[in-house]
Amino acid sequence: MTTSSCVTENAQPPGLKIETRSIDYVPRNERHGKVWHQGPFWFTGNFVLTTMVTGFTGAALGLALQYAILAIVIGVCLGTFCMAFHANQGPRMGLPQMIQSRAQFGLRGAIVPFTAVVFVYIGFNVFNVILATDAINTVIPGARAPWYTLMIAVAVLIAVIGHDLLHTVQRWLTYVMISVFAVLTVSALLTLQADSALADPQFSWSAFLIQLSAAAGYQISYSVYVSDYSRYLPHQTPSRQVIFWTYLGAAGSALWLMSLGAFLASALPSPDAIASVREVGNRVIPGFGTFTVLIAVPALVGIMAVNCYGAMLTGISAIDGFKSIKPNLKSRVCGIVLVAVVIFLIAMNIPESYLGSFNTFVLLMLYFLVPWTAVNLADFYLVRKGRYAISDIFNHTGIYGRWSSAGLLAYFLGLLAMVPFMSLSFFQGPLSQALGGADIAFVVGLAVAALVYWALTRNLDLDAERLAIQASEQQLEGGAQ
């Protein structure tokens with residue numbers, strides 16, 4: 001990709017609804033949107049049945065409800081903190097989230113976090129399409145493949161039209177989801193008794209920290225594309241407002257649904273996202289539970305579209321590091337369709353027990369994303385303080401280089417430091433065993449990766465970078481600030 005393409009390619013004529021930009025820079029004269037839109041976007045993006053499933057974790061390990069909710073609150077607050085501070089990078093840089101990693105890892109070195117992130121996108125979408133099909137099958141039993149095809153196709157269509165439609169869909173779904181799930185929550189509180197399904201509800205550090213890590217990891221997973229949906233905001237949008245609205249939306253829905261999930265899991269003998277919602281909803285109004293399950297399907301399709309869009313951006317960014325790709329509508333569509341095909345094939349061929357491994361998937365995702373988010377945030381807020389030569393992010397001979405030892409070393413050392421603290425169904429680190437099975441790996445990974453990166457970049461020649469930044473701004477915006 002040439003640096004000039006960041007400005008000259010893909011300028012949208014007025015009234016054109018289909019987004020044509022992909023990984024390229026969004027010029028400031030194309031910026032639009034309102035900062036409060038980040039709130040409903042991330043509220044609905046997180047208001048899906050997979051979020052509720054995360055809340056089942058503590059009860060499955062025998063954790064009493066009040067402790068499970070406390071773990072959820074702490075985990076959500078910590079995880080959303082990372083996510084919301086990434087959102088502020090969008091208006092400042094005008095770039096999708098993951099391509100910003102080139103400044104820390106190099107144009108080709110960024111393939112390391114890119115690989116982990118694409119795995120996250122695809123994994124979540126497989127969970128989402130399975131849950132959505134389960135919901136539909138409660139009313140219309142039958143083959144799963146046609147429903148997989150239909151929902152993935154709708155998600156692809158929304159993702160192809162792009163940024164503005166994604167925001168509109170998520171914003172309107174927010175009102176629907178709040179109304180319906182408010183009734184469901186009241187029904188659960190009136191008809192169920194907390195901890196009644198647990199043989200011996202109690203406090204356990206191991207269960208508490210596993211639930212906390214699952215909640216934090218789930219929220220951190222959104223960090224990988226949060227700037228994708230804030231990069232069109234005006235450049236001068238106040239940082240506090242971007243962070244506030246993103247945090248409010250994402251944390252609000254997560255706290256609600258995960259806590260509801262914890263309550264259902266403690267009160268029902270065999271908690272299941274679909275069956276539990278149907279049972280509780282039907283107790284208050286016959287048929288309301290089934291209606292609620294079906295209403296949850298559009299939200300799942302909406303977040304599938306968001307994931308397809310993000311996976312496309314990350315995939316194109318990865319390939320572009322090795323072979324330049326023209327950032328246009330064709331590359332966007334091809335990337336989205338390819339992601340959709342992979343999701344369909346995996347969903348068709350995985351065992352039915354796959355959903356039972358959701359907690360393991362979330363923890364694995366957490367382990368691989370934590371060092372990346374630590375490095376990326378440390379660079380933006382502590383090292384370079386939000387100042388980047390955007391043109392050089394696309395330039396193979398630019399100041400960021402093809403491989404950056406500081407970012408890569410910090411990432412792998414952070415990951416390595418987490419291993420002794422990991423607690424998974426198939427592996428338990430020695431320090432986790434010493435702590436009774438408790439998992440504090442993500443805290444260790446955040447600290448080690450951030451500190452290592454900061455130490456390795458203390459002698460970075462920021463004065464030399466300022467010259468490149470000035471040249472980049474002159475090229476991209478004609479010197480406009």
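A residue is called buried when its relative accessible area is under 20%, exposed when that area is over 50%, and partly exposed in between. With those words in hand, let us walk through this predicted model, starting with the whole and moving on to single residues.

The protein is built from 21 helices and has zero strands. How far does the C-alpha trace reach along its principal axes? The span is about 65 × 55 × 40 Å. A compact globule of 481 residues would have a radius of gyration near 23 Å, and the 22 Å found here agrees with that. Buried residues account for 60% of the 481 residues. The contacts tell us about the fold as well: of those with a separation of 6 or more, 85% are between residues 24 or more positions apart. On the outside, the accessible surface amounts to about 18,000 Å², and carbon and sulfur atoms supply 68% of this area.

Next, the charges. There are 24 positive and 21 negative side chains, and 7 Å separates the centres of the two sets. Side chains of opposite charge can pair when their charged atoms come close. In this protein, counting pairs with a side-chain nitrogen of Lys or Arg within 4 Å of a carboxyl oxygen of Asp or Glu, we arrive at seven salt bridges.

Let us visit some of them. One joins the side chains of Arg102 and Asp320, with 3.0 Å from N to O. Arg102 sits in helix α7 (residues 102–105) and Asp320 in helix α14 (residues 288–320), so the pair links distant parts of the chain, 218 residues apart. Are these two partners buried or exposed? Both Arg102 and Asp320 are buried.

Another salt bridge brings Glu473 together with Arg387, their closest N and O atoms lying 3.1 Å apart. Glu473 belongs to helix α21 (residues 462–477), while Arg387 is found in the loop between α16 (358–383) and α17 (390–393); the pair therefore ties together parts that are 86 residues apart in sequence. The surroundings of the two partners can be described as well. Glu473 has a relative accessible area of 14%, so it is buried, whereas Arg387, at 40%, counts as partly exposed.

Helix α21 also holds a salt bridge of its own, between Asp463 and Arg466. Here the closest N and O atoms are 2.2 Å apart. What separates these partners along the helix? They are three residues apart, which means about one helical turn lies between them. Asp463 is exposed, because its relative accessible area is 54%, and Arg466 counts as partly exposed because its value is 44%. Elsewhere, Asp379, Arg384 and Glu465 are joined into one network by salt bridges that share partners.

Our last stop is Val139, in the loop between α8 (111–137) and α9 (145–161). With a relative accessibility of 41%, Val139 counts as partly exposed. Which residues does Val139 touch, leaving aside those up to four places away in sequence? The answer is Thr290 and Leu294. For a sense of distance across the model, compare Val139 with Ala449: the two are 310 residues apart in sequence, and their C-alpha atoms are 48 Å apart in space.

Terms used. Residues are numbered from 1 along each chain as its sequence is written. This is a predicted model: local features need pLDDT of at least 70, side-chain atom pairs count only at pLDDT 80 or more; totals for chains, interfaces and linings use all residues. Side-chain values use heavy atoms; hydrogens and water are left out. Helices (H or I, at least four residues) and strands (E, at least two) are DSSP runs, numbered from the N terminus. Buried means under 20% relative accessible area, exposed over 50%, partly exposed in between (1.4 Å probe, protein chains only). The radius of gyration is taken over C-alpha atoms; the globule rule is 2.2 Å times the number of residues to the power 0.38. Contact means heavy atoms within 4.5 Å. Accessible areas come from the Shrake-Rupley method with a 1.4 Å probe; for residues, only the protein chains shown count as cover. Lys and Arg count as positive and Asp and Glu as negative; His and the chain ends are not counted. The place of a charge is taken as NZ of Lys, CZ of Arg, CG of Asp or CD of Glu.
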